[in-house]
Amino acid sequence: MSWDQSQLIKLKHDALTFDIELDEEQLHQFMKYYELLVEWNRFMNLTAITEFEAVCTKHFIDSISLCKVVDCSKPYHMIDIGTGAGFPGIPLKIVFPNLKITLLDSLAKRVKFLNTVISELGLREIEAVHGRAEDFAKTGMLREKYNLCVSRAVANLSTLSEYCLPYVAVGGYFISYKSEKITDEIQMAQHAIQILGGEIYKQEEFILPNSDIYRNLLMIKKIQDTPKKYPRKAGLPSKEPL
């Protein structure tokens, strides 16, 4: 695949708005990631966004915007719930190699894609796990093992909190990536967040660089252990939010 140098310059320039300077190896990794994404997207549903510049803005830059609320230079242990095609986990790993990351997704084909990306990009201390969020949050598995939990999954905040907060250790954070204003959603989710051991810590609203695309990062701090009965069995968190 041939590359227009201006496309790479834009990716590098957009990252600089977050005080991130991408080196040649990182640019190459993003290019390879994009190539694999487009190649695999021909025979499985990974993303509706395939044009390079749009992928850079709406997937790559959006993913690494986490650095607006978290010091990603620290060696956090992070889990990405419902990672799909690897967003935000893989872009974060490319830019912040010190992060130790688990990518969790319920579709085996997507996990196969993620493992291919991890191998082709030469990424270390990152793993892709096949399974449902409700199952791996059980005691003795991945429950309360992480400093950070992130998710760009499309679901209401009450549901996402039930999926994600059980993975966060006390003192850690769950960060939900949102693409709309969520004042009402936050109010509706307050009860669920409290039950699950969290509290609203910070909200960061911004526009993605060189675009008119609104984004919202909601940071929830884990202040006490999640009761063992949560998350409930598969399906209930979405059908009957707390």
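Me: In which strand is methionine 219 found?
Reply: The structure shown is a predicted model. In this model, methionine 219 is found in strand β7.

Me: Is methionine 219 buried or exposed?
Reply: A residue counts as buried when its relative accessible area is under 20%. For methionine 219 the relative accessible area is 4%, so the residue is classed as buried.

Me: Which residues does methionine 219 touch, not counting residues up to four places away in sequence?
Reply: Residues up to four places away in sequence are set aside here. Those that methionine 219 then touches are Val69, Val70, Tyr173, Phe174, Ile175, Glu199, Ile200, Tyr201 and Lys202.

Me: What distance separates the C-alpha atoms of methionine 219 and leucine 16?
Reply: Along the chain, methionine 219 and leucine 16 are 203 residues apart. In space, their C-alpha atoms are separated by 23 Å.

Me: How many of the 13 residues of α3 are buried?
Reply: Helix α3 covers residues 52-64. Its buried residues include Phe52, Val55, Phe60 and Ile64, and they pack against α1, α2, α4, β5 and β7. The helix is largely enclosed by the rest of the structure, because the number of its 13 residues that are buried is 11.

Me: Which residue has a side-chain oxygen that reaches the backbone nitrogen of glutamate 53?
Reply: The contact lies at the start of α3. There, a side-chain oxygen comes to within 3.2 Å of the backbone nitrogen of glutamate 53, and this oxygen belongs to glutamate 51.

Me: Which helix gives the largest share of the largest nonpolar core?
Reply: The largest nonpolar core has 57 residues, and Tyr33, Phe60 and Ile90 are among those with the most contacts inside it. The largest share of this core is 9 residues, and they come from α2.

Me: Where does α8 bend?
Reply: Helix α8 comprises residues 183-195, and its end C-alpha atoms are 19 Å apart, which agrees with the 18 Å that 13 residues should span at 1.5 Å a residue. Even so, the helix has a bend of about 45 degrees, located at alanine 189.

Me: What covers the buried residues of α8?
Reply: The buried residues of this helix are Glu185, Ile186, Ala189, Ala192 and Ile193. Their cover includes α7, β5, β6 and β7.

Me: Which residue with a positive phi follows α8?
Reply: The phi angle in question is near 95 degrees. The residue that follows α8 with this value is glycine 197.

Terms used. Residues are numbered from 1 along each chain as its sequence is written. This is a predicted model: local features need pLDDT of at least 70, side-chain atom pairs count only at pLDDT 80 or more; totals for chains, interfaces and linings use all residues. Side-chain values use heavy atoms; hydrogens and water are left out. Helices (H or I, at least four residues) and strands (E, at least two) are DSSP runs, numbered from the N terminus. The expected span of a helix is 1.5 Å times one less than its number of residues. Buried means under 20% relative accessible area, exposed over 50%, partly exposed in between (1.4 Å probe, protein chains only). Contact means heavy atoms within 4.5 Å. A polar contact is a pair of N or O atoms within 3.5 Å; within protein, one must be able to donate a hydrogen and the other to accept it, and residues adjacent in sequence count only if both atoms are side-chain atoms. A nonpolar core is a set of buried Ala, Val, Leu, Ile, Met, Phe, Trp, Tyr and Cys residues joined through side-chain atoms within 4.5 Å. The bend at a residue is the angle between axes fitted to the seven residues ending there and the seven starting there.
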